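Student: I would like to go through the ligand site and the internal cavities of this model. Could we take them one by one?

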Amino acid sequence: MIITGNYPNLRLRRSRKFSWSRRLVQDNDLSYNDFILPIFLTDGKAKKVPISSMPNVFRYSIDKLKSVVDKALKLGIPMVALFPHTNVKKKDEYGNEALNENNLVCQAIKFIKKNYKNEIGIMCDVALDPYTSHGHDGIIRKNEILNDETLEVLIKQSVLQAKMGCDVIAPSDMMDGRVLKIRKALDKNNLKDVQILSYAVKYASSFYGPFRNAVGSKRQLKGHKKTYQMDFKNNYEALREVSLDIKEGADMIIVKPGMPYLDIIREVKNNFKIPVIAYQVSGEYSLIQNAITKKLLDKKSIYESLVSFKRAGANSIITYFADQIKLDKFK
Ligand code: PBG
């Protein structure tokens, strides 16, 4: 890169002087088109339950979904992501509830498709952790998370969700080879247009804590997820993961967590031209929320945190702030 000119001929502050001028030269911007809104689901009727680990985030019963989806639609948010808080009584070693066509996620998909047709996209996680008694994403034998045996269940979970009307299947389990198997199964079931958004780069992170509380898997979780989620000391492994998932048929990929991993988003974006979705995870969300409550941070910090993803190269962002932030205020 060549810098022509020098002070006092060159004054970079000139373009910063007025708002019109700053807006004219900005590289990045943020709109509701950039957001995916996660929604937590709960059993029961007329429920909007606060989540202690995530201030201002709620679990909704199916009959209460309308309020939150209406709001997302009004703001112009393109897609919602569904996460179930499964009753412990329905959890077992194999996560069988994942394959129940009347489980919370399936009920929510049916409700949204019936009421909103294709006005808003639906994304669903594929993984067993909300449904297993041990809180792991896969099936366990002798303390080992079994890869190939788990794939067989994930395929069924994907096909079920897609049949119910899910638009975007998002495997978050980090088993090897799942994208190819899921793609094949979807195609075989005449679900060729259902997209796969792979959690290609998912690190074993402490920033997922508040989410595990939200879906009720925190107390269940035995041990750690380091044998399948990535080691956060690695960067180049992220490129191998993305490369594999592209070959296996992923339409888009996720990098997760978000803010501590902006370098990875940039690295992926520099190497591949596939849409990259950043996940600003629960721990990042709660950190900022708590700091705002304690008046340590201003609400503008939310906006700044979200723009950082765009700057790093993300096409869009999964964020719990999606339906809370008033973008016009921060322009
Ligand atoms: C489930 C899943 C997790 C998150 C999204 N899907 C938790 C985990 O892997 O333990 C985390 C999201 C967040 O923290 O906001 N596999």
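Student: Which residues come nearest to the ligand?

Tutor: This is a predicted model, so the answer refers to computed positions. The ligand has 17 residues around it. Those that come nearest are Lys202, Arg212, Lys256, Ser282 and Tyr320.

Student: How many residues of each class make up the shell around the ligand?

Tutor: Tyr counts as nonpolar, Ser as polar, and Lys and Arg as charged. Sorted in this way, the shell around the ligand has seven nonpolar, three polar and seven charged residues.

Student: How far is a nitrogen atom of the ligand from an N or O atom in the side chain of Asp125, and how far in the case of Asp137?

Tutor: Polar contacts are pairs of N or O atoms within 3.5 Å. For the side chain of Asp125, the distance from a ligand nitrogen is 2.8 Å. For the side chain of Asp137, the distance from a ligand nitrogen is 2.9 Å.

Student: Which side chain has an N or O atom 2.7 Å from an oxygen atom of the ligand?

Tutor: Here the ligand atom is an oxygen, and the distance of 2.7 Å is to an N or O atom of a side chain. That side chain belongs to Lys202.

Student: What percentage of the area that the ligand exposes when taken alone does the protein bury?

Tutor: The reference is the ligand taken alone, which exposes 400 Å². Of that area, the protein buries 99%.

Student: What is the volume of the largest cavity?

Tutor: The structure holds two cavities of 30 Å³ or more. The largest cavity is the space taken by the ligand. Its volume is about 140 Å³.

Student: Which lining residues lie nearest the centre of the largest cavity?

Tutor: The lining of this cavity has seven nonpolar, two polar and seven charged residues. Of the 16 lining residues, those nearest the centre are Asp125, Asp129, Lys202, Phe211 and Lys256.

Student: Which residues line the second largest cavity?

Tutor: This cavity has a volume of about 50 Å³. By class, its lining has eight nonpolar, two polar and one charged residues. The lining residues are Leu82, Phe83, Pro84, Val105, Cys124, Asp125, Ala127, Pro130, Tyr131, Gln157 and Gln161.

Student: Which element gives the largest share of the lining of the second largest cavity?

Tutor: The elements that give two or more residues to this lining are β4 (79-84), β5 (121-126) and α4 (147-164). The largest share is three residues, and the element that gives it is β4.

Terms used:
Residues are numbered from 1 along each chain as its sequence is written. This is a predicted model: local features need pLDDT of at least 70, side-chain atom pairs count only at pLDDT 80 or more; totals for chains, interfaces and linings use all residues. Side-chain values use heavy atoms; hydrogens and water are left out. A residue is near a molecule or strand if one of its heavy atoms lies within 4 Å of it. A polar contact is a pair of N or O atoms within 3.5 Å; within protein, one must be able to donate a hydrogen and the other to accept it, and residues adjacent in sequence count only if both atoms are side-chain atoms. Accessible areas come from the Shrake-Rupley method with a 1.4 Å probe; for residues, only the protein chains shown count as cover. On a 1 Å grid over the protein atoms alone, a cavity is a set of points where a 1.4 Å probe fits but cannot get out, and a pocket is an open set with protein on both sides within 12 Å along at least five of seven lines; lining residues have an atom within 4 Å of a point. A molecule sits in a cavity or pocket if more than half of its atoms lie within 2 Å of its grid points. Grid points are joined across faces, edges and corners, and a volume is the space filled by probe spheres set on the points. Helices (H or I, at least four residues) and strands (E, at least two) are DSSP runs, numbered from the N terminus.
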